[in-house]
Amino acid sequence: MKERPLSPHLQVYRLPLTAWVSITHRATGVFLSLGMILLVVFLLAIAQGSESFACVHSFLQSLAGRLFLWAWIYSLLFHFCHGFRHLIWDTGHGFERETLNRFAVYEIAASLLLVCLVFLLVSL
Amino acid sequence: MNYQTPLARVRGLGSARQGSHDWWQQRVSAVALVPLSLWLAVHLSMLPNVAYAEVVRWVSLPWNTVLLLSFILFSLYHAMLGLQVVIEDYVHNDWMKLLGMLGVRLVTAFLALSTAFSVLHIVFVGGHG
């Protein structure tokens with residue numbers, strides 16, 4: 001039998017960076033969807049009045065709330081960067097192995113840069 | 001001899017039986033979300049530091065109202081299509097798949113209605129106390 005490549009077995013196969021980025025894209029997508037529920041709850045609370053707003057706002061000001069907010073914002077920016085990558089792929093370009101790996105690094109760097117920029121903008 | 005065009009052959013195919021329509025809609029909403037996401041990320045990060053009256057005033061500015069509604073409605077549509085793909089990939093039981101799809105569609109529709117109502121309420125009625 002000819003030497004043929006084995007299909008990757010998740011438990012023994014060290015995932016390449018591109019695979020991690022792809023999985024994270026999906027995971028952040030699901031997380032962002034769940035966070036949308038909270039965003040809508042927030043809008044409902046604002047419409048309801050200052051008391052309901054104070055209730056959800058105090059959660060947002062707590063440590064857990066802030067962590068959640070920043071996790072959501074980072075997820076949005078990561079999903080944004082890899083989503084942009086998908087739009088480039090849709091044009092039929094950038095499928096060479098070397099380009100794939102290089103862009104995976106770019107995406108991670110760009111998402112971190114963007115979240116730092118947003119953080120700086122708020123802190124000013 | 002096959003007289004079907006390539007387009008006619010792919011219509012009705014795919015795991016959702018809707019051919020490439022969902023795929024294309026996902027891209028259209030993604031393009032819309034490119035500027036909207038950056039705009040929202042900046043404003044959302046400020047939310048812990050602002051008071052009620054300020055938030056109400058911010059939402060009521062026409063520009064913000066339209067962008068906020070656009071972001072949430074496009075996101076919900078994008079999320080609906082994305083979650084549908086996730087369910088198609090991981091849920092193999094037909095009944096569970098059907099329930100999952102129904103759930104995703106109904107919940108996103110409900111969230112979209114709640115968003116539209118809340119934002120318009122804030123704009124036209126204003127905040128309470």
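The legends below describe close-up views of a predicted model with chains A and B.

**View 1. Chain A is an all-helix chain in this model, with four helices and zero strands.**
Read along the sequence, its pattern is α-α-α-α. The C-alpha atoms of chain A fill a box of roughly 70 × 30 × 25 Å along the principal axes. The radius of gyration of chain A is 20 Å. A compact globule of 124 residues would have a value near 14 Å. Buried residues account for 26% of the 124 residues in chain A. Take the contacts in chain A between residues at least 6 apart in sequence: 71% of them join residues at least 24 apart.

**View 2. Chain B has five helices and zero strands.**
The order along the sequence is α-α-α-α-α. Along the principal axes, the C-alpha atoms of chain B occupy a box of roughly 70 × 30 × 25 Å. Chain B has a radius of gyration of 19 Å, where a compact globule of 129 residues would have one near 14 Å. Of the 129 residues in chain B, 21% are buried. Among contacts between residues at least 6 apart in sequence, 73% in chain B link residues at least 24 apart.

**View 3. Helix H1 of chain A crosses helix H4 of chain A.**
H1(A) spans residues 17-48, and H4(A) spans residues 97-123. Their axes come within 9 Å and cross at roughly 50°. That angle makes H1(A) oblique to H4(A), because it falls neither under 35 degrees nor in the range 65 to 115. H1(A) passes H4(A) in a left-handed crossing. From H1(A), the contact uses Leu17(A), Thr18(A) and Val21(A). From H4(A), it uses Leu100(A), Asn101(A), Ala104(A) and Glu107(A). By class, these residues are four nonpolar, two polar and one charged.

**View 4. Chain A meets chain B through 30 residues of chain A and 31 residues of chain B.**
On the chain A side, H1, H2 (50-61), H3 (63-90) and H4 each supply at least two residues. H1(A) gives the most to this side, with 13 residues. The chain A residues that touch chain B divide into 21 nonpolar, six polar and three charged.

**View 5. Helix H1 of chain A packs against helix H4 of chain B.**
H4(B) covers residues 62-90. The axes of H1(A) and H4(B) lie 10 Å apart, at an angle of about 135°. The two helices are therefore oblique to each other; roughly antiparallel would need an angle over 145 degrees. The crossing of H1(A) and H4(B) is left-handed. H1(A) contributes Arg26(A), Gly29(A), Val30(A), Leu32(A), Ser33(A), Met36(A) and Leu39(A). H4(B) contributes Ile72(B), Ser75(B), Leu76(B), Ala79(B), Gly82(B), Leu83(B) and Val86(B). The residues of this contact divide into nine nonpolar, four polar and one charged.

**View 6. Phe68(A) sits in helix H3 of chain A.**
Phe68(A) has 16 C-beta neighbours inside 10 Å, so it counts as partly exposed. A buried residue would need 20 or more such neighbours, and an exposed one 12 or fewer. Gly35(A) is 33 residues from Phe68(A) in sequence. In space, the C-alpha atoms of Phe68(A) and Gly35(A) are 8.9 Å apart.

**View 7. Ser22(A) lies in helix H1 of chain A.**
Ser22(A) is partly exposed, because 16 other C-beta atoms lie within 10 Å. Ser75(A) is 53 residues from Ser22(A) along the chain. The C-alpha atoms of Ser22(A) and Ser75(A) are separated by 13 Å.

Terms used
Residues are numbered from 1 along each chain as its sequence is written. Chains are lettered from A and ligands numbered from 1 in the order in which they are written. This is a predicted model: local features need pLDDT of at least 70, side-chain atom pairs count only at pLDDT 80 or more; totals for chains, interfaces and linings use all residues. The radius of gyration is taken over C-alpha atoms; the globule rule is 2.2 Å times the number of residues to the power 0.38. Two residues are in contact if their C-beta atoms, placed from the backbone, lie within 7 Å. Axes are lines fitted to C-alpha atoms, for helices over the stretch in contact, and angles run from 0 to 180 degrees between N-to-C directions. A crossing is left-handed if the near helix is turned anticlockwise from the far one by less than a right angle, and right-handed if clockwise. Ala, Val, Leu, Ile, Met, Phe, Trp, Tyr, Cys and Pro count as nonpolar, Asp, Glu, Lys and Arg as charged, and the others, Gly among them, as polar.
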